[in-house]
Amino acid sequence: MKKNNVVTLNQFISDQQNKFPFVQGNLSRIFRDLQLAAKMINRDVRQAGLIDILGNFGETNVQGEEQKKLDVISNEVFMRLMDMSGAVVCVVSEEDEGIHWCPDGADAKYILAIDPLDGSSNIDVNASIGSIFSIYKRLDMDKPVTEADILQKGIEQVAAGYIIYGTATMFVYTTGNGVNGFTLDDSISEFCLSHPNIQTPKSGKIFSVNEGNLNEFPQGVIDYINWCKGTNKEEKRPYSARYIGSLIADFHRNLLKGGIYLYPPTAKAPNGKLRLLYECNPMSFLVEQAGGKASNGQQRIMEIQPTEFHQRTPIFIGSADMVDQVMGMM
Ligand code: P6P
């Protein structure tokens, strides 16, 4: 990328839209509002320690997990902005059991699935957290939206991405034409293109898994993890174990450096912990667009036919050779 060639996210989206004349700009409007949500949540995340919004909200979400105030605030920000966009018919969120219908979205074309703030257990300890989104087209503009419009396979996504609130705030997304990363420049409050056309390394030396659950994993996964920890100078093993406990932070590092993130089935989470619709599918779309792979241990994540909004799935995601290797061992 040429030096001092500042391309803002808005400009990039506008340029992309010009490549597809049939696009009426609804998707661009959603991205404009996702970007605004990112800036608002970024502001709240950065101030969390200063304003008494840390700690638990005192309620639990549909997952039975304690809601952090920032979880609730982030969810409300996304809902309010999607309502205003007029380009979204409904939203499914990790924080809400049912469908959020956008009041002025009856004739809108797009459906949004979000994890408004993933890694919430890291909020109070200042570790990186993030927001994840996945966008689908409704199945039939002439028919009312039903659950079937929401329970579409990951291969049907029209766009997916995340915002990581880390040492820098980044907006990383795909519309099926590669993956591009934008870093927030606070001085001008613009996301600027910093990571054009991200391609994840075919292999890597990092594995990300909660080894506290090791004894509960399928034998093939235990074998793979022990292989990663084995000694082989030529293959540069042992690999490095890196696990932040925040999917977006682990995923983002592995995307750029190469590596694999594993959340296998455990006794406590026999179907894995991560949710298919608004965590695994969007991250799988991104990783495949960047040349990586994502599997549930039996099949490609994006081929799974969803049956419930909040269903979970095991996930093995990252560098293609590493995913192939653990699949081979399973
Ligand atoms: P565990 C955060 O709650 C999350 O959904 C992911 O962001 C993270 O990778 C995972 O769960 C951590 O789960 O069971 O290892 O604490």
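1. In which sense do β14 and strand β15 pair, and over how many bridges? In this predicted model, β14 and β15, the latter spanning residues 315-318, run antiparallel to one another and are joined over 3 bridges. Within this pairing, Ser295 has Phe316 of β15 as its bridge partner. Helix α8, residues 320-329, packs on the sheet and touches β11 (206-208), β13 (260-263), β14 and β15, while its direction makes about 150 degrees with that of β15.

2. The sheet to which these strands belong is an open one of 5 strands, arranged in the order β12-β11-β13-β15-β14, and its pairing is mixed. Because β12 (240-241) and β14 (293-295) each have a single partner strand, they stand at the edges, and one side of each is left without a neighbour in the sheet.

3. A reader new to the structure may next turn to a pair of helices. Helix α2, residues 26-47, and helix α3, residues 69-85, pack with their axes 9 Å apart and at an angle of about 155 degrees. Since angles over 145 degrees count as roughly antiparallel, α2 is roughly antiparallel to α3. The crossing in which α2 passes α3 is right-handed. Residues of α2 that take part in the contact include Ile30, Leu34, Ala37, Met40 and Ile41, and those they meet in α3 include Leu70, Ile73, Val77, Phe78 and Leu81; charged residues are listed as well, among them Arg29, Asp33 and Asp44 in α2 and Arg80 in α3.

4. Is Asn180, which lies in strand β9 (residues 179-185), buried or exposed? Asn180 has a relative accessible area of 10%, and because a residue under 20% counts as buried, Asn180 is buried. Its side chain reaches the backbone nitrogen of Asn197 at 2.7 Å. Leaving aside residues up to four places away in sequence, Asn180 touches several others, including Phe12, Phe171, Tyr173, Leu193, His195 and Ile198. Of these contacts, Leu193 is 13 residues from Asn180 in sequence, with 7.4 Å between the two C-alpha atoms.

5. Thr266 offers a further case, this time from a loop, namely the one between β13 and α7 (276-289). Thr266 is likewise buried, with a relative accessible area of 6%. The side chain of Thr266 reaches the backbone nitrogen of Ala269 at 2.8 Å, and, when residues up to four places away in sequence are not counted, Thr266 touches Asn213, Glu216 and Phe217.

Notes: Residues numbered from 1 in each chain as written. Predicted model: local features only at pLDDT ≥ 70, side-chain atom pairs only at ≥ 80, totals over all residues. Heavy atoms only, no water. Pairing = 2+ DSSP bridges. Helix = DSSP H or I, 4+ residues; strand = E, 2+ residues; numbered from the N terminus. Contact = heavy atoms within 4.5 Å. Axes fitted to C-alpha atoms, helices over the stretch in contact; angles between N-to-C directions. Buried < 20%, exposed > 50% of the residue type's maximum accessible area, 1.4 Å probe, protein only. Polar contact = N/O pair within 3.5 Å; in protein donor to acceptor, adjacent residues only side chain to side chain. Parallel < 35°, antiparallel > 145°, perpendicular 65-115°, else oblique. Left-handed = near helix turned anticlockwise from the far one by under 90°.
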